[in-house]
Amino acid sequence: MTASNYIRFFDTTLRDGEQSPGATLTSQEKLEIARQLTRLGVDIIESGFAAASPDDLKAIQMISRDSGTLEGIAQWTDEALTPPTICSLSRAHERDIDKAWEAVQYAEKPRIHTFIATSPIHMEYKLQMDPEEVIDRAVKMVKHAKSMCKDIEFSPEDAGRSDPEFLYLILGEVIKAGATTLNIPDTVGYRTPEEFGALIRGIKENTPGIENAIISTHCHDDLGLATANTLAGVQNGARQVEVTINGIGERAGNTSLEEVVMALRTRKPFYDMEYGIVTEQIMRTSRMVSQYTSMVVPPNKAIVGANAFAHEAGIHQDGMLKNEETYEIMRPESVGLTESNLVLGKHSGRHALKMRLEELGFTVGDDKLKEVFARFKRLADKKKTVTDLDLEALVVEEKQRPTEIFSLKDIQVVSGTLGMPTATIRLEGPDGTMHVNAAMGTGPVDAAYKAIDQVVALPIELLEYTVNGVTEGIDALGEVTVRIDVDATQVASSIPQKMSPQSGAKTNLTFNGFSAHTDIIVASARAYVVALNKALAALGLYGIEKPAEKETA
Ligand code: KIV
Ligand code: ZN
């Protein structure tokens, strides 16, 4: 039996997190993240929104089938891991719920999560339904879901701005209809910790039948209060928290898993709660999510930022040398931040590399392995030590290149204080034509991007460009992440001989690219080409099948 102070971690990185602009993940990436979330010890994985697109449905089915297998729960630590519950979101529509069941039915522990808005503004303008109609729909849909699946979660969307009396009523009715978890979303991140705590307490005290259900929090970070609100919810009776890795999600994001669990761990005497998270897996999970979504973690981000455990000021360093607790409330090892290991040497073979990658949680097919191995050998020649972090970066880059439409063969730059920075590139096109082009720019990266742009000719805006060192030291790999925005309406006119995007498609689309190389100019150019290739594929250009349109919650 679960202890009354056990907090269930419900991770929605693959659903609400993936709704962040540009954070789109492939099914394979979702599967790998789901496996890593399993190693992290999350209780429930919301794997997507099955009715949103055929790709989402397929990814949830893959994760569901995998969730009970040994591979899915590969032993990373000595902890005895049980398969997580696999959940799909669905609107309160019969078709959505049927799709959700179609997706999660293969899981050892399936859950359907259905929602309908309950705030006056959402009911009047978005749903155009009376409160009575909303209750009626919620009850009918929970009953429909229950006829297929025993584990049902219900969310009154925008609960943070709903009338608490109305919430007691609708929640009481859906419990009678079979809901077992009641999730309380502060959808627009409006509430303060005192208010959100009081809302959860009110629900616990006034909802008929609530003793038979779990209360859950789901907070958004628009005012930077998501973690504080979630913890206030826990203190007032919530026993499930909905969170994402690195706090990614719509707008300012969702509550960060790592912040909540480390608050519970670091302040154990204060909160006195239990949980199943293996906190030592936090950094690995954070890096995987950041690399696959290309959503860079800000250096000052609590728990997982590059500076979260760095001590710069002399006075702090002096204190740390005398006693670490002077300036450190958590040990870096407790979140999995350890000295990078020397994992493989330049004489290591392909089999050793494959084994190590599997231990790190990456499944690499033979084609990709060949490429990663070649790059590993080149890196081992250049760099004194090749670490787990280096391997991770190489593998993620390979996995990020599902379709190579344009392929960067060579790049050479001239830069410095004399003359204009210039880049020359050799880019192989989809028909095998080799384009050699040179351009000038404000710096070597700008020059390289201009040279590439003149060949690829997509109407894009560079939204974000970030460089980070994978490890310390002058010979470190540099990781580059770029995010581009494509104005799809201009595509047809800029490349007249190609297909135009289908009508009804979103006009501005965001894509990201990632690359790691010891030369950051090379990494920059490769990351840019990855993002451009993704854009070309998504727009259905060059004969590549265009993925289906996707709805969001
Ligand atoms: O923020 C929200 O209201 C949601 C619901 C769909 C649970 O994500
Ligand atoms: Zn949400």
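**Note on helix packing, the zinc site and selected residues**

1. The crossing of helix 5 and helix 6 is right-handed; a crossing takes this name if the near helix is turned clockwise from the far one by less than a right angle, and left-handed if anticlockwise. The structure is a predicted model, in which local features need pLDDT of at least 70 and side-chain atom pairs count only at pLDDT 80 or more, while totals for chains, interfaces and linings use all residues. Residues are numbered from 1 along each chain as its sequence is written, chains are lettered from A and ligands numbered from 1 in the order in which they are written, and side-chain values use heavy atoms, with hydrogens and water left out.

2. Helix 5 spans residues 131–146 and helix 6 residues 164–177; their axes are 8 Å apart and meet at an angle of about 25°. Axes here are lines fitted to C-alpha atoms over the stretch in contact, with angles from 0 to 180 degrees between N-to-C directions. The two helices are therefore roughly parallel (under 35 degrees; over 145 is roughly antiparallel, 65 to 115 roughly perpendicular and the rest oblique). Residues of helix 5 in the contact include Val-134, Ile-135, Ala-138 and Val-142, and those of helix 6 include Phe-166, Leu-169, Ile-170 and Val-174; contact means heavy atoms within 4.5 Å. By class, the residues of this contact comprise 11 nonpolar, no polar and 3 charged (Ala, Val, Leu, Ile, Met, Phe, Trp, Tyr, Cys and Pro count as nonpolar, Asp, Glu, Lys and Arg as charged, and the others, Gly among them, as polar).

3. Helix 7 (residues 193–206) packs on helix 8 at an angle of about 35°, with the axes 8 Å apart. This crossing, too, is right-handed. Pro-193, Phe-196, Gly-197 and Ile-200 of helix 7 meet Ala-228, Asn-229, Ala-232 and Gly-233 of helix 8. The contact of helix 7 with helix 8 has 5 nonpolar, 3 polar and no charged residues.

4. The zinc ion (ligand 2) has as protein donors Asp-16 (OD), His-218 (NE2) and His-220 (NE2), at 2.0 to 2.1 Å. Donors are N, O and S atoms within 2.8 Å of the metal (3.2 Å for Na, K and Ca), and the site may look incomplete because water is not among the atoms. Along the chain, the donors follow the spacing D-x201-H-x1-H. Asp-16 lies in the loop between strand 1 (8–11) and helix 1 (27–40), and His-220 in the loop between strand 7 (214–219) and helix 8 (226–235), so the pair ties together parts 204 residues apart in sequence. Both Asp-16 and His-220 are buried (under 20% relative accessible area; exposed is over 50% and partly exposed in between, with a 1.4 Å probe and protein chains only).

5. Most residues other than glycine have a negative phi. Asp-158, however, has a positive phi near 60°; Asp-158 sits in the loop between strand 5 (152–157) and helix 6 and, at 0% relative accessibility, counts as buried. Asp-272 likewise has a positive phi, of about 55°. Its place is in the loop between helix 10 (268–271) and helix 11 (282–293), and Asp-272 counts as partly exposed at 46% relative accessibility.

6. Ile-45 belongs to strand 2 (residues 44–48) and counts as buried at 1% relative accessibility. Its C-alpha atom is 7.9 Å from that of Leu-14, 31 residues away along the chain. Beyond four places in sequence, residues touched by Ile-45 include Leu-14, Ala-34, Leu-37 and Ile-86.

7. The protein chain has 18 helices and 16 strands, which are DSSP runs numbered from the N terminus (helices H or I, at least four residues; strands E, at least two). Of its 553 residues, 57% count as buried. Among contacts between residues at least 6 apart in sequence, 69% join residues at least 24 apart.
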